[in-house]
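Me: Please take a close look at the internal packing of this model. I should like one connected account of the packing, followed by any empty spaces that go with it.

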Amino acid sequence: MNSNFKPICFQRWDELPDFDLYIDQMIQIVVDQLEDFSLFYEDTILSKSMVNNYVKKKIMPKPERKKYNKSHLSQLMVITILKPVLTMSEIQTAINVALKSNPNDKAYDLFCLSLETTYEWMWHLYHGEQRQINLCEQGPFELAGLSLWGKYFTKQTILEQRKDFINE
C-alpha cells in the first residue's frame, strides 16, 4: 500500500453516544465527523431545518420527547453522507433495505465499512494504481461510496487546479 495513503475511519455504532441527544448535540456530532469532507456541501453540512425536514418527510423517525438516540444519529449520518450523490427517496429506500436485512448496529457498521473500503479503492485509482473492482458484485452502499468518492476527488482536483491557475 502507498505510504502516503491515509485511511478514513467513521465512528462505529459502539462509538456513538449511548444516551439521548438534543438536536443541536446530534448535529454537532455529525458536523464534527464530516468536517474533513466539507467540499461536498455547498453551504451547511447540516442544520436544524434539514433534520426537521427529514423527520417531516419520514426519511428518519421522529424524536422521542425532542430527544434523539443512536438510531436517529446513525440514520442522520447516512443521510448526510449520501445526500451529495443520491436523492432523498433513494437514501430512504437504501436505509429501509439495509434495516430489513440487519439490525441498526450491524447495518450502520456495514455502511461505515463500505465507505472506508470504497474510499481506499478510489484513493488508489486516483493516484494511478490499478485496481480490479467488479461493480456487479457491489451493493448499493459500495456503489454510492464510489460515486461519493469520485465526486470528492473531482472537487479536490478542481480546487488544486484553481489554486495553480491563481498562482500563475
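Reply: **Helix packing and internal spaces**

Helix H1 (residues 23–34) packs against H3 at an angle of about 45°, and their axes lie 10 Å apart. H1 is therefore oblique to H3. The crossing of H1 and H3 is right-handed. On the H1 side the contact consists of Met26, Ile29, Val30, Gln33 and Leu34, and on the H3 side of His72, Leu73, Leu76, Met77, Thr80 and Ile81. By class, this contact of H1 with H3 has eight nonpolar, three polar and no charged residues.

The model is a predicted one, in which local features need pLDDT of at least 70 and side-chain atom pairs count only at pLDDT 80 or more, while totals for chains, interfaces and linings use all residues. Residues are numbered from 1 along each chain as its sequence is written, and side-chain values use heavy atoms, with hydrogens and water left out.

The terms are as follows. Helices are DSSP runs (H or I, at least four residues), numbered from the N terminus. Axes are lines fitted to C-alpha atoms over the stretch in contact, and angles run from 0 to 180 degrees between N-to-C directions. Angles under 35 degrees count as roughly parallel, over 145 as roughly antiparallel, 65 to 115 as roughly perpendicular, and the rest as oblique. A crossing is right-handed if the near helix is turned clockwise from the far one by less than a right angle, and left-handed if anticlockwise. Contact means heavy atoms within 4.5 Å. Ala, Val, Leu, Ile, Met, Phe, Trp, Tyr, Cys and Pro count as nonpolar, Asp, Glu, Lys and Arg as charged, and the others, Gly among them, as polar.

H1 also meets helix H2 (residues 48–56): their axes come within 10 Å and cross at roughly 105°. H1 and H2 are therefore roughly perpendicular to each other. Ile23, Asp24, Met26 and Ile27 of H1 make this contact with Lys48, Val51 and Asn52 of H2. The contact of H1 with H2 has four nonpolar, one polar and two charged residues.

H3 has a further partner in H4, where the axes come within 10 Å and cross at roughly 140°. H3 and H4 are therefore oblique to each other, and their crossing is right-handed. Gln75, Val78, Ile79 and Leu82 in H3 meet Met88, Ile91, Ile95 and Leu99 in H4. This contact of H3 with H4 has seven nonpolar, one polar and no charged residues.

For the empty spaces, a 1 Å grid over the protein atoms alone is used: a cavity is a set of points where a 1.4 Å probe fits but cannot get out, a pocket is an open set with protein on both sides within 12 Å along at least five of seven lines, and lining residues have an atom within 4 Å of a point. Grid points are joined across faces, edges and corners, and a volume is the space filled by probe spheres set on the points.

Two cavities of 30 Å³ or more are counted. The largest cavity has a volume of about 120 Å³. Of the 13 residues that line this cavity, Val78, Ile95, Leu99, Ala107 and Tyr108 are the closest to its centre. Helix H3 (70–82), H4 and H5 each supply at least two residues of that lining, which divides into nine nonpolar, four polar and no charged.

The second largest cavity holds about 30 Å³ of space. Its lining consists of Phe10, Leu34, Phe37, Phe40, Tyr41, Ile81, Leu148 and Trp149, with eight nonpolar, no polar and no charged residues.

Finally, the largest pocket has a volume of about 200 Å³. Helix H4 (88–101), helix H5 (104–126) and helix H6 (140–167) each supply at least two residues of its lining. Among the residues that line this pocket are Ala107, Phe111, Phe141 and Glu142. The pocket lining has eight nonpolar, three polar and one charged residues.
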